[in-house]
Amino acid sequence: MSITVEHVSKHYGPIIALRDVGFTVAPGEVRALFGGNGSGKSTLAKIVSGAVRPDSGRVSVDGAPIPAGSPRAAHAAGITTTFQELSLLPDLTVAENLALTHVPRVAGLFRADKVIRAEARAVLGRLGLAHLENLPVQALQVGEKYLVELAKALRLEPRYLILDELTSALHEHEAQLVKRVLAEHCKAGGGAILVSHRLGEIQSLCDTITVLRNGEVVADTDVASVSSDDLIRWVGGGSRTGDRGGARARTTATKTARRVELSNVALEADAGEVSLAVGKGEILGLGGLPDQGQAAILACLFGLREVRAPARLLLDGAPVQLRSPTDAVRAGIAYVSGDRDEVGFAIRSLQENMLALLLNRRDPIRLDEAQLEQALSELSTVHGGLTNPLNSLSGGNQQKVLLARCFLLRPKLLLAADPTKGIDVAARAEVHQAIRRLAAEQGTAVVLTSSDDRELAALCDRVLVLEKRMIIRELHAGAGLDEQALVESYLQAPAADRHQVAGAGSRP
Amino acid sequence: MTPTQQSASAPSYWRSIVLWPAFPALLLFVIAFAIDAALNPNLLSVNGLIGFGSSNLPLVVASLGQAILLIGRTIDLSIGATISLVNVVAVSLFTAGFGMEVALPLATLVGVAFGALNALLVVYLRINALLATFAVSFVAGGLALRVQSAPGGSIPFELVMWMMDSYAGVPVALALMLAAAVAIVAIKRSTFMLRLYAVGGDDAKAFASGIQVTRVRTIAYLLSGLFTGLAGLATTLAIGSGDPLIGEAYTLQSIAAPVIGGVAILGGSGDPLGAIFGALFLVVTSELLLGFGVSPFYQQFIVGIIILTGLGGVVVLQRVLAAWRARGAAASRRRILEVAP
């Protein structure tokens with residue numbers, strides 16, 4: 001009666017996501033899969049749940065291997081997963097959503113609404129949510145959606161539950177509910193795997209912990225026997241690598257000229273305001289756990305999200321109003337993304353891709369082929385000619401083409417969303433080199449997000465750590481910015497709203 | 001507690017009607033029908049209703065089939081041509097001497113067979129639904145012309161008479177329309193339909209919920225094929241003869257009708273019953289215009305304007321209602337939370 005994961009490896013293109021990892025979960029055990037951004041913990045959970053097929057290794061339940069890459073097979077073996085991206089359909093009611101996995105029927109064909117509702121009430125009751133039964137999912141609050149996702153898994157009475165980042169959106173009282181339900185589940189002989197990057201919830205919910213770093217298991221132990229400091233050291237690698245120390249002598253220069261200033265912007269309806277400024281030639285990183293508001297900041301800076309008073313955006317000291325990416329490009333803002341399909345035209349030629357950014361400018365820039373060639377060779381791009389399609393190149397070289405076109409635009413501001421996603425180490429270093437040169441030679445301000453803390457530590461002059469749409473910390477190169485510090489800042493982030501809830505409850 | 005609950009439930013009853021996705025189309029249809037009946041009192045006589053029912057039954061039935069596909073976020077552009085094919089197959093079976101117990105089911109099966117063909121192309125071979133069913137429309141249309149190259153032929157007289165008949169003042173055609181509505185209500189109550197809403201809403205999430213997406217869409221095409229076959233029969237009984245081009249106009253009208261009726265063209269929401277009101281609104285308004293003496297040469301033009309007006313009106317109404325609905329959801333949320341312990 002246990003899950004055994006043995007020798008699992010997985011790579012995506014040149015990137016190794018998991019290297020020979022394994023763990024077990026016994027009945028009554030809650031195991032945490034713990035690690036920093038990009039450590040492979042979510043991939044590992046997806047392999048166990050059947051959503052992702054590993055390159056090698058196997059998952060077995062009670063000694064019987066489960067066919068890889070099949071959610072249905074995992075499900076038949078008693079493993080049910082709650083998905084971080086939620087499997088709920090907004091137009092259907094809560095009860096209907098719960099029933100979807102196995103619709104109770106009458107007369108063979110028709111839905112048994114009474115049974116559907118009774119079952120929904122029963123399982124929602126365990127979470128204290130029976131009153132939500134008939135609401136459409138779109139009327140729920142975020143935390144409630146996550147709990148309904150949990151209810152959907154519980155309804156199937158699985159022996160093993162996989163909770164993928166379930167608790168990160170929950171308030172304290174909701175997290176307590178999850179804790180109680182997990183305890184009941186374990187008492188009944190079930191087991192669970194909790195994917196998490198939050199120390200607090202691991203210490204309160206889990207019995208055992210597998211710590212991952214760069215796709216490898218660095219620790220496998222009892223939660224009770226480890227301290228928070230141990231965990232942070234394991235996740236951060238215990239090294240102070242990445243900080244280039246005083247290598248950046250020009251930090252003084254960056255403070256003199258402010259290139260971009262975004263002030264008093266609320267990244268979410270009820271969230272507080274954030275402000276940030278980027279100097280000329282400065283590389284600013286946005287760190288923290290995924291989806292804490294990094295994308296929203298980029299959206300504000302690229303005209304995808306309205307910056308409305310009292311919030312404002314200044315470019316070289318002058319206020320600008322960006323209504324669309326067209327406005328942004330005209331204002332001298334370039335955007336490059338690691339999702340190359342988002343910014344590149346895969347089947348069009350290199351030269352078309354390179355010129356695409358320049359088409360909307362009011363003052364045309366005239367370029368000949370030699371200049372395009374030169375821009376590519378400056379980034380040591382390996383290519384077979386300007387007329388070849390973009391997708392004939394490797395991922396790393398595609399990324400260099402898309403950066404080279406930003407050089408041609410001579411942007412005031414470069415927005416880079418996870419720019420080295422899925423490319424190999426050598427190409428990654430060259431892309432970093434290119435971004436640094438752009439900042440140094442053209443005075444471009446760079447705002448960068450990354451799924452890899454090491455990249456932020458290696459590339460940025462300064463990193464703002466975000467948590468729940470707020471900036472919670474600022475780290476400077478040469479003054480403590482390294483991978484370890486980044487990991488520490490988000491793992492130990494104060495959960496602001498939890499205190500609020502506790503405070504509100506204690507008042508008479 | 002009791003009085004508050006009652007005062008809360010009375011407006012919420014009306015609210016649930018007004019917020020019904022098919023409501024705008026129902027309203028449009030009732031208004032258009034009332035104007036039509038006022039100008040042409042004969043419409044409300046038994047004979048008027050017989051004519052109204054029998055000439056509009058085919059579009060109503062075809063629109064229901066299309067509505068099922070749209071809810072599952074797919075489409076069929078071959079419905080019109082398949083209706084023509086069903087029509088000429090039925091007539092040639094009668095001409096060849098088969099009785100109605102053979103001819104009618106066989107002709108209906110032609111519709112189901114084309115539903116199966118569409119499912120094969122769209123669901124299993126994953127060809128874009130617009131392209132695949134557009135191509136299939138030429139296959140069905142070509143076959144119809146091969147079966148019967150020009151209008152003609154006839155069906156047993158008693159069948160035509162039955163369609164023109166009425167029992168206790170209820171025209172058979174209207175009763176059949178009601179039967180189609182009952183059938184669609186039954187389908188709505190099926191487990192299949194819940195899965196179809198899920199698949200049309202987001203097939204990745206549906207898949208993650210363990211729903212067999214391909215199977216659900218295949219059933220949708222087969223059901224839609226059945227409705228197309230029945231629409232072909234309704235056409236045959238209404239005109240009493242064969243015409244290889246009779247169904248042409250139905251394809252686009254069968255799409256416009258459910259969309260006017262509040263079915264999301266991108267799938268996952270709406271009530272298929274709305275397709276009935278959408279279809280009837282379309283036909284009543286074009287009849288109205290003919291009644292005003294608009295030249296038939298302008299008819300296509302006018303019908304196009306009507307479809308645009310209907311769609312535009314529904315889009316505007318839907319936006320207004322969506323805002324309402326959002327407020328309603330928040331309100332019902334509050335109400336529920338107040339009642340909850």
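**Exercise 1.** Determine how much area domain 1 and domain 2 of chain A bury between them in this predicted model, and which residues of domain 1 supply much of it.

*Solution.*
Step 1. The size of an interface is often expressed as the accessible area lost when the parts come together.
Step 2. Domain 1 of chain A covers 3–236, and domain 2 covers 258–340 + 411–492. Their contact draws 16 residues from domain 1 and 19 residues from domain 2.
Step 3. The two domains of chain A bury about 1500 Å² between them, with 50% of this on carbon and sulfur atoms.
Step 4. On the side of domain 1, Asn37(A), Arg198(A) and Ile232(A) supply 39% of the area buried against domain 2, more than any other three residues.

**Exercise 2.** State how many salt bridges the rule finds across the interface of domain 1 and domain 2 of chain A.

*Solution.*
Step 1. A salt bridge requires a side-chain nitrogen of Lys or Arg within 4 Å of a carboxyl oxygen of Asp or Glu.
Step 2. The side chains of Arg213(A) and Glu483(A) satisfy this rule, at 2.8 Å from N to O.
Step 3. The count across the interface is one salt bridge.

**Exercise 3.** Locate the largest cavity with respect to the two domains of chain A, and describe its lining.

*Solution.*
Step 1. There are four cavities of 30 Å³ or more, and the largest cavity holds about 80 Å³ of space.
Step 2. Its lining includes Asn37(A), Arg213(A), Asp453(A) and Glu483(A). Strand E11 (208–213) and helix H17 (453–459) of chain A each give two or more residues to this lining.
Step 3. By class, the lining residues are two nonpolar, five polar and five charged.
Step 4. Because both domain 1 and domain 2 of chain A give residues to the lining, the largest cavity lies between them.

Methods
Residues numbered from 1 in each chain as written. Chains lettered and ligands numbered in written order. Predicted model: local features only at pLDDT ≥ 70, side-chain atom pairs only at ≥ 80, totals over all residues. Heavy atoms only, no water. 1 Å grid on protein atoms, 1.4 Å probe; cavity = no way out; pocket = protein on both sides within 12 Å on 5 of 7 lines; lining within 4 Å. Points joined across faces, edges and corners; volume = space filled by probe spheres on them. Helix = DSSP H or I, 4+ residues; strand = E, 2+ residues; numbered from the N terminus. Nonpolar A, V, L, I, M, F, W, Y, C, P; charged D, E, K, R; others polar. Domains from an automatic or database assignment. Contact = heavy atoms within 4.5 Å. Buried area = accessible area lost by both parts, 1.4 Å probe.
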